[in-house]
Amino acid sequence: MSLESVKNPFHIGKTFKQIDDDIMRPMETFPSKTWWIAFLIAASLLAMFAGILIYSFVKGLGIFGLNNPVGWGLYIVNFVFWVGIGHAGTLISAILFLFRQRWRTSINRAAEAMTIFAVMVAAIFPLIHVGRPWFVFWVFPYPNERGPLWVNWRSPLLWDVFAISTYFIISLQFWYMGLVPDFANMRDRQERFKARSKIGELLLTVKKITLRVISLGWVGSAKTWHHYEKMVLILSALATPLVLSVHTIVSFDFATSIIPGWHATIFPPYFVAGAIYSGFAMVLTLMIIMRRTFKLEDYITMKHLENIGLVILVTGMMVSYAYTVEFVIAAYSANKVEQYVFMNRLAGPYAWAFWTMFACNVVSPHFMWFKKLRNNLTVLFIISIVVNIGMWFERFVIVVTSLHRDYLPSSWDMYVPTIYDWGMMLGSFGVFFTFFLLFVRTLPVIAIAEVKADEANDSLHAAH
Amino acid sequence: MDSFKIPANINKILFAFIGIGAISGALGFLVDPQKAWPGFLSFGFFLLILSLSGTFFAALQMISGAKWSVVIRRVAESTVAALPVTAVFIILLFFGIHSLYEWSHADVVANDHILHQKEGYLNTPFFIARVSGYLVLWLIMGYLLRKVSISQDTTKNPETRTKLVKISAAYILLFAYTFTFASIDLLMSLQPHWYTTMFPVYTFAGLGLSGIATLIILVVTIQNYGGLKEVTAEHMHDLGKFLFMFTVFWAYIAFSQHMLTWYANLPEETYFIETRISSGFWKYFTIVLWIFHFLIPFILLLSRDVKRDGKRLIKIAWFILFMCFVDVVWLVFGGLEHDGHVLIPLMWMEAGLFLGAIGIFGYTVLQAYSKAAQIPVGDQNLKASMNFHQTH
């Protein structure tokens, strides 16, 4: 049987050399004009982010719109938003691996990179929000000379520290281990590059040595691969509960409180579903841009994008379900305060935020029911952006509407984000995209070794 | 493809179970009607989640396009056959509304501000209408899925799969909302002041777990009597993983619900867990539930060998199934009071009713299963399912 007759929709059918060349091309050529423009924009936003940060250290937190009832503003909204984005990567690499979803192979590398950068961006916000970031190491419980000063184990904010740092470390490890065979590939390809100047020669030597070190002496023997595959399986099993734990713990930040609108026991699975929803939407946005600019349409096919669309449909409906249950139970509870919070969301001063969220999160995923729309790049791209806008507003609704009407009407106040709040939000995208754009120029955006392994398996099956 | 012939001794055992269930049920009503009604509700709700679980599993496999599970799909689809009998029991429960639900007493409602406010939703006619509505919907959808699936056996039409995917998607969506309301109506309103948003997810976790346990028991039993030869250790392994996954999922949901309730310590919410962990009997009941429902199955199911061996897996599945029933009893009884005293189940009656539920479920499902081909012979993915191997 020839390779053409294999019916696997994810079969690529290229030689290994072609695969190497296609995927490594962005790293081995001078950046295009588009890349430079994108990088310039992202880097300037990053600079703005840093500028506002320094300004806030000089002036104090007063430059932001926080006030007495609304002590958690855009900072926490952005934090939860970015942690949510950070869910898709390890979900794709670990959970979809356990579910034997082969289509994950082409998208896991970039999605994991997205995860790592998103978690990094997310971590900045609580760091500033603690007020004195230079003392942030106090969150770690270690023997110290600060007398009875010790971390508060009863605070979910501390659980967050552990949940997120553990998740970050394991995700990084996952990403790095997946990169090792590709590093070895890059190391072996270095032979073909000749420097034209003394400095070039030096840089090339540095690169060679670095690659040699970070590829950990990978030779690609059968035994190495055997160990490697076992490692991926074990790491996946360990990372799976971690993926779910992160947003569970983030939801505890709200749900352990007694603030109406925050205290809902459904929060853990609801937040996890929402995180996967927004994470996949971000993956979709990035994949559509990446496959186009780097001409990777043969690797990230419409079938991949369609599957992401289906994940968005399912998780979108889970999120809608959670919204419904919250409203139903509030109505059922006969608890005046609980009912007021939800009525206030529907028709209060922040109703515009609620209805934006509703339109983006509840209505928009339903376009994914239709195969035609799932195969339409423009529709997919719009949906991916819309969903992320919706998920940002979801966190805004949860944080702000629950806080701005305190128990005493005399304590009510509106939260109006200042230009610095918005600047930080916009800047966080700059930080994220600066990292991501550097990533696409320096590391293979698709897991080459895994793609090859799948291709080899296909030919094996075809031979029978 | 031959259909499955139910061995005579299986029927004998199932009839004996039904007999035990009927006798203990009747005795329970004679001895203590106050305790018999909640026992009967536990039995009814348990039977309900069993009958719904198979259709849910089949629909889930269908929309995810899973190929490995095609060989066991027919077993899952057959569980809907227990739903008509279950519906009869749930309708019989309507006669016990007055004994079970505080909100059905006009005098209580008149003196209770909260119940007075809830009267628009929690009242007997609306309750009966709602629950009957869910039952009709589940029956229609469940039988439709099974009918369409069986029709493919003869037509061998690959288009049927597309149709099944559509029905399944609609089913899951409707199921999510109807089951949510059914949990609120049948169980949450037993303590009518109490509410929490996680509750429907908690009952769903119990449904998923007992459903997989049931599926394993059915598959291994059918295999023991010479049926379903196509199911191999590879399929058992995946079913075992599912069982493990739902065990953890149940614990995750239970922990989140209870921990958040405990942490926030709101009086209107805390008494759900308070009544179940403060007093002597319920305290030990709860501890036993948490250990036997999660900890022990979790440790046992970590083993790969156990998951691949049907003979060992079925033992754990029976254990889990029983614990799922205990969980339902815990939900029903834990918050009930009579004359200011906590209500303690009769125990022997519930044990008898558990066997009765197994008898009724086993008999109806096996009858239905034996009427059609054992596996969906017309499915285009059947071959892939039969040749299925774990890749890792």
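Okay, let's start with one residue, Lys295 in chain A: at 59% relative accessibility, Lys295(A) counts as exposed, because the cut-off for exposed is over 50%. Where is Lys295(A)? Lys295(A) sits in the loop that runs between helix H9 (267-293) and helix H10 (302-333) of chain A. And the backbone there has a quirk: the phi of Lys295(A) is near 50 degrees, a positive value in a residue other than glycine. As a reminder, most residues other than glycine have a negative phi.

Before I go on, please keep in mind that this is a predicted model. So how confident is the predictor? For the complex, it gives an ipTM of 0.94 and a pTM of 0.94. Chain A averages a pLDDT of 90, with 98% of the residues scoring at least 70. Over residues 1-6 of chain A, though, the pLDDT is below 50, and beyond near neighbours in sequence that stretch has 7 contacts in the model. For chain B the mean pLDDT is 93, and 99% of its residues reach 70 or more.

Which helix in chain A has the lowest confidence, and which the highest? The lowest is helix H16 (residues 448-463) of chain A, at a mean of 80, and the highest is helix H12 (residues 351-363) of chain A, at 95.

Now chain A as a whole. We have 16 helices and 0 strands there. On dimensions, the C-alpha atoms of chain A fill a box of roughly 75 × 55 × 45 Å along the principal axes. With 464 residues, a compact globule would have a radius of gyration near 23 Å, and chain A comes in at 24 Å, so that agrees. How much of chain A is buried? Of its 464 residues, 54% count as buried. The accessible surface of chain A is about 20,600 Å², and carbon and sulfur atoms own 71% of that. As for contacts in chain A between residues at least 6 apart in sequence, 82% of them join residues at least 24 apart.

One more loop in chain A, then we move on. Gly220(A) is in the loop between helix H7 (198-214) and helix H8 (222-255) of chain A. Buried, exposed or partly exposed? For Gly220(A), the relative accessible area is 31%, so it is partly exposed. Gly220(A) and Asn185(A) are 35 residues apart in sequence, and their C-alpha atoms are 9.6 Å apart in space.

Over to chain B. Here the secondary structure is 17 helices and 2 strands. The C-alpha box for chain B is roughly 65 × 40 × 40 Å, again along the principal axes. Do the globule arithmetic for 392 residues and you expect a radius of gyration near 21 Å; chain B has 21 Å, which agrees. Of those 392 residues, 59% count as buried. Chain B exposes about 15,000 Å², with carbon and sulfur atoms supplying 69% of it. And for contacts in chain B with a separation of 6 or more, residues 24 or more positions apart account for 82%.

Let me zoom in on helix H16 of chain B, residues 348-369. How far apart should its ends be? At 1.5 Å a residue, the 22 residues of H16(B) should span 32 Å, and the end C-alpha atoms are 31 Å apart, so that agrees. H16(B) is also mostly covered, since 17 of its 22 residues are buried, and buried means under 20% relative accessible area.

Right next door is Met347(B), in the loop between strand E2 (341-342) and H16 of chain B. Met347(B) has a positive phi of about 70 degrees although it is not a glycine. With a relative accessible area of 44%, Met347(B) is partly exposed.

Another loop residue in chain B is Lys229(B), which lies between helix H10 (199-224) and helix H11 (233-264) of chain B. Lys229(B) is exposed, with a relative accessible area of 66%. What is the C-alpha separation of Lys229(B) and Met386(B)? They are 157 residues apart along the chain, and those atoms are separated by 9.8 Å.

Last item, cysteines. How many disulfides does the structure hold? Over all chains, 0. Two cysteines I looked up: Cys360(A) is buried, with a relative accessible area of 10%, and Cys324(B) is buried as well, at 3%.

Technical notes
Residues numbered from 1 in each chain as written. Chains lettered and ligands numbered in written order. Predicted model: local features only at pLDDT ≥ 70, side-chain atom pairs only at ≥ 80, totals over all residues. Heavy atoms only, no water. Disulfide = S-S within 2.5 Å. Buried < 20%, exposed > 50% of the residue type's maximum accessible area, 1.4 Å probe, protein only. Helix = DSSP H or I, 4+ residues; strand = E, 2+ residues; numbered from the N terminus. Expected span 1.5 Å × (residues − 1). Rg over C-alpha atoms; globule rule 2.2 N^0.38 Å. Contact = heavy atoms within 4.5 Å. Areas by Shrake-Rupley, 256 points an atom, 1.4 Å probe, with all protein chains shown as cover. pLDDT = per-residue confidence, 0-100.
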